[in-house]
Amino acid sequence: MMEKIQRFGSAMLAPVLLFAFAGLAVGIGTVATLPNIVGDLANEDTFWYQAWTVWLDGAWTVFRQIELLFVLGLPIALAKTANARAVLEAGMVYLTFNYLVAGMLNFWGQGGSGFFQLDYNTSISLDNSDSYGTGLKIIAGIKTIDTGIFGAIIISAIVVWVHNRYFDKKLPDFLGIFQGTQFVYAICFFLMMPIAFIFAWLWPYAQHGIASMQGFFIASGALGVWIYTFLERILIPTGLHHFIYSPFMFGNAVTPNGIVKDWPTHISEFAKSDKPLRELFPGGGFALHGNSKIFAPLGISAAFYTTARREKRKEVLALLIPVTLTAMLIGITEPLEFTFLFVAPPLFAVHAVLAASMASIMYMLGLSGNMGGGLLDNFLFLNWVPLWQNHWPTYLMQIGVGLSFTVIYFLLFRFLILKFDFKTPGREAEGGETKLYSKAEYKAAKAAEKKGAASADDAGDADLYAPRAAGFLELLGGADNITTVNNCATRLRVSVADESLVDTSDAAFKDAGALGIVRKGKAFQVIVGMDVPQVRERFETMVNAKE
């Protein structure tokens, strides 16, 4: 069961990754149209304003169609075979579901006096700017019930379940045209009839409960922010952190449409106001976890460097600089966090406590906003640049508190590393096996890629991924031993039928191009790096080729 939950949680990564660029695009467009930034160029009759408004129309796509994004994204990771067809099925079934709901509400939800509690006569605009409180929403041009990402995830999960169970079902020859995608869609079509009715009937009651929950979380104040941030960090190794942040960032746990959409929607309004950010956007306290991605890496890396043996410090510095910059600039922390997670788990627990404390203190002192990512995609263009003029004291406070925690991270990590002799980078025992990722290992992995690329059969000389995928597959016991394949930001997650067939040498995986290997029973995590999606694609193709 835990494996299935982890698989579902990591599947959330596929749609979530698009928000980094989308948020940056919205932030840049917003900054370019703010009068306090560009002056008279922000007048509506200027070409500058009109051009950037067109830019924003495109940049808002991901946020305005967030439900479709999750519907289409989840099957990529959850479908066991024919992922592309599963995406097609999920998209069409979700549209069918919404058309069915719209039809039912049209006949039996008129004026609030019908069987259903929603008033389908309510008029809302295409961009949903006036849909809050109506219980309705325009999704892909369909006026339907607003189920947020929860409804999207439920429908997508149903489609994936049907797909995995019936896509390969052999029908009699005279019904052969209905096999595969057609059969899956047909089954889901009949399922959507009662499911649409249940949603139209019961979801309005859920909406009332969600509205009450929003008030509860906001009323929890700094304590709620601390608990949320702690869970979001501490659950990273399990993959369950996706279930913590998703309802807040993309759902309506604390704001009507999710923090990632509601913050940039009102950012122009906030830029003109001198009221405290916490008062303007109280739900933004649950999106301050990105502060630990900005301020913690400096302290952690400094502790690693200063505790490393002198002859190893050059190698350690070469290892730490890129992962520290990656964490700070774009918010990808796994390369750094997993460096010490597996060699010193207590440090990860300390990290979660410090990250939660940093976020809650900043919230108590008035900070709020959308700060779940890194400097480029969140902090600069979605917070500091557009709001600095009226909110600079709050941001100076944030930077001051953040740098104070940088020092705390450094002192505490350094003390614990020396006190308990944790084998962090540069402190490994001679000949001992520790899951560290040195510069030498990185070079060896790249050399293995180049050597294997020359002999790649299917992808040609330019394919640097197939050799690694083939090497990992062989070491994991071959295609017949693979039961599930998935990935997160840096790791290839694989479950096997027989763990005894997996090569027991970590060095063998490193020789094949891995940065490390984590073993948990029948579940294995091959540390690949940021190009794990390309490696996974080749790996999965090789696994499916056995059929």
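Here are four short exercises on the predicted model above, each with a worked solution.

Residues are numbered from 1 along each chain as its sequence is written, and side-chain values use heavy atoms, without hydrogens or water. Local features need pLDDT of at least 70 and side-chain atom pairs count only at pLDDT 80 or more, while totals for chains, interfaces and linings use all residues.

**Exercise 1.** Describe how helices α16 and α20 pack.

*Solution.* Start with the bounds: α16 covers residues 291-307 and α20 covers residues 375-420. Helices here are DSSP runs (H or I, at least four residues) and strands likewise (E, at least two), numbered from the N terminus. Next, take the geometry: the axes are 6 Å apart, at an angle of about 30°. Axes are lines fitted to C-alpha atoms, for helices over the stretch in contact, and angles run from 0 to 180 degrees between N-to-C directions. Since angles under 35 degrees count as roughly parallel, α16 is therefore roughly parallel to α20.

**Exercise 2.** Place alanine 296 in the fold and decide: buried or exposed?

*Solution.* First, find its element: alanine 296 belongs to helix α16. Then check its relative accessible area, which is 1%. Buried means under 20%, exposed over 50% and partly exposed in between (1.4 Å probe, protein chains only), so alanine 296 is buried. Finally, look along the chain: phenylalanine 410 is 114 residues apart from alanine 296, yet their C-alpha atoms are separated by 8.5 Å.

**Exercise 3.** Work out how many residues of helix α12 are buried.

*Solution.* Take the helix, residues 241-249, and go through its nine residues. Among the buried ones are His241, Ile244, Tyr245, Phe248 and Met249. The full count is eight of nine, so α12 is mostly covered.

**Exercise 4.** Compare the backbone and surroundings of alanine 82 and alanine 140.

*Solution.* Begin with phi: alanine 82 has a value near 45°, and alanine 140 has one near 55°. Each is a positive value in a residue other than glycine. Now locate them. Alanine 82 sits in the loop between α7 (66-78) and α8 (83-108), whereas alanine 140 sits in the loop between β1 (136-139) and β2 (142-145). Last, check exposure: alanine 82 is partly exposed, at a relative accessible area of 28%, and alanine 140 is also partly exposed, at 34%.

Terms used
Parallel < 35°, antiparallel > 145°, perpendicular 65-115°, else oblique.
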